[in-house]
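Here are some short exercises to work through with the model open beside you. Try each task yourself before reading its solution.

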Amino acid sequence: MAKSRSTARVWRYANPGYYLKRPQHFVMLLMLSVCVSFVVWDRQTLVREHKDIVSKLNAEVTLLQGLVEEIKSGQTTKGNGNSVDKTGVKLSESDVSGDPVDFHRREKVRDAMIHAWSSYEKYAWGYDELQPQTKNGVNSFGGLGATLIDALDTLYIMGLEEQFQKAREWVATSLDFNKNYEASVFETTIRVVGGLLSAYDLSGDSIFLEKARDIADRLLPAWDTSSGIPLNIINLAHGNPHNPRWTGGNSILADSGTEQLEFIALSQRTGDPKYKLKVENVILELNKTFPDDGLLPIYINPHKGTKSHSTITFGAMGDSFYEYLLKVWIQGNRTAAVKHYRDMWETSMNGLQGLVKRTSSNSFTYVCEKNGNSLVDKMDELACFAPGMLALGSTGYKPAEAKKILALAEELTWTCYNFYQITPTKLAGENYFFNSEQGMSVGTSWNILRPETVESLFYLWRFTGNATYKEWGWNIFQAFEKNSRIESGYVGLKDVNTGVKDNMMQSFFLAETLKYLYLLFSPSSVIPLDQWVFNTEAHPLKIVSRDDEKHSENRPQARKEGRFHEG
């Protein structure tokens, strides 16, 4: 009986009439119901979100595991490459399975190269450069197929064999240098001679060496001056070298001192010393009156070999002269035959440190330009090659000085990375001005897909092992993808602040920017820096000891046992 009364008391709470007589109880029940509903709903939501996250993570793990397996088997679905490095070093087990993130990023860069190349192939085949917006080709360099030749070694390194072979056939059957065109000796050397020699060193195909020799022979008369300092313009069909009018008859420093790597390599590969003799005489001439700070103005008198009163800069018209002082020393395997190059370079680096200033606000380190005795607080994006050069050259110093030089390289790389980060598009302008208190600001605001910052990121990664440089490079790549990629290729920006696009896919985007980004996410065994040296257009040339030249007149063995690409 007691149990029945207890049951009745319980069931009365289920009777609606009970709550009509006791409204306060009804409110309490309602509040309790709402609270319970919230708890249940929130828990279900959390469980659902947790399941979504777990599902995504599982998918990513599955993807990465698949990529690792593809690397190991050499059977990725993208392209027709393989998992062997044709620079002569097979990828080790740790290389192919060590970092799936690097592999993913490398594939993204390779996809960008495929997109750029396919667009060039479709709309501008055989022309120097592609204008993506109007979908047509333009001959910026006299119709020498500049983009095609500039891209040869990039295609090869990335394992794009079908594209490489098609380009090779064009070189063999359609490349003709007998053109009535006033060519830049500098641009033709670094892009065409350098691109052909690199393709030769990588592939061993003699057609590239034959073509490199043909164009170099057409350029040689430029060095026939009383001082040996070359004139910077020459007609490819008729010769008749001269300098542009706007230089006042002077030769440009970078244009006159950035042919050594290519012409020395050509002499080494062909056994003909005439190329090497021409370009090395330039350095010997400049060394006669080399200043104590190692800094030369951008204009040189080609008849007297004397310096003019003009700007000193590590940016436009000065930059690669200093780069080649270091790299010829490396190209010659650091032997006594090339020691004077290293000596000149170290003198110049002492001078560079005299141009270095730092802002007090954002701790940006930068390299000034110099006019007379005055420093100008301006730095070109072009000068962002300098951190990479310093890192590359740091290995030739004693430990204490090497540490100092590498630290400067890291400081300058931070500044160059911020050239990108401070703009709305995250792409760098052409140059920047500095103020001690306010930091830096964009000067000329276009971006033409330049490579110098990612070049330095590549070298800093190789020499420090600091993965931060990979992250910075990935950020820059993503900014190119967001702002510069269109359906028919890649374009620069007229203004990095507004993102307005231009209509040119520069050949160096394929030769340099994408190559350095690809190598940034590749193992160090790919184009190892103790076997290869990059020219200023990012074309890798084999290192050949100068002391052993008499035994090395033929080309160095192209190691055909593997071009690097997993996909």
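**Exercise 1. The largest cavity**

What volume does the largest cavity have? Then find its lining residues and sort them by character.

*Solution.* Keep in mind that this is a predicted model.

Step 1: The structure holds 4 cavities of 30 Å³ or more, and the largest cavity comes to about 40 Å³.

Step 2: Its lining is made up of Glu381, Tyr420, Ala428, Gly429, Glu430, Asn447, Ile448 and Arg450.

Step 3: Sorting that lining gives 3 nonpolar, 2 polar and 3 charged residues.

**Exercise 2. The disulfide**

Which cysteines does the disulfide join? Describe the geometry of the link and place both ends in the fold.

*Solution.*

Step 1: There is 1 disulfide in the structure; cysteine 384 is joined to cysteine 416, with an S to S distance of 2.1 Å.

Step 2: The angle about the S-S bond is -95°, and the link is left-handed.

Step 3: The two ends lie 32 residues apart and connect distant parts of the chain. Cysteine 384 sits in the loop between β12 (378-380) and α15 (386-393), while cysteine 416 belongs to helix α16 (residues 399-421).

**Exercise 3. Cysteine accessibility**

Is cysteine 384 buried or exposed? Do the same for cysteine 416 and cysteine 368.

*Solution.*

Step 1: The cut-off for buried is under 20% relative accessible area.

Step 2: Cysteine 384 has a relative accessible area of 0%, so this residue is buried.

Step 3: Cysteine 416 is at 1% and therefore counts as buried. Cysteine 368, at 1% relative accessibility, is buried as well.

Technical notes:
Residues numbered from 1 in each chain as written. Predicted model: local features only at pLDDT ≥ 70, side-chain atom pairs only at ≥ 80, totals over all residues. Heavy atoms only, no water. 1 Å grid on protein atoms, 1.4 Å probe; cavity = no way out; pocket = protein on both sides within 12 Å on 5 of 7 lines; lining within 4 Å. Points joined across faces, edges and corners; volume = space filled by probe spheres on them. Nonpolar A, V, L, I, M, F, W, Y, C, P; charged D, E, K, R; others polar. Disulfide = S-S within 2.5 Å. Helix = DSSP H or I, 4+ residues; strand = E, 2+ residues; numbered from the N terminus. Buried < 20%, exposed > 50% of the residue type's maximum accessible area, 1.4 Å probe, protein only.
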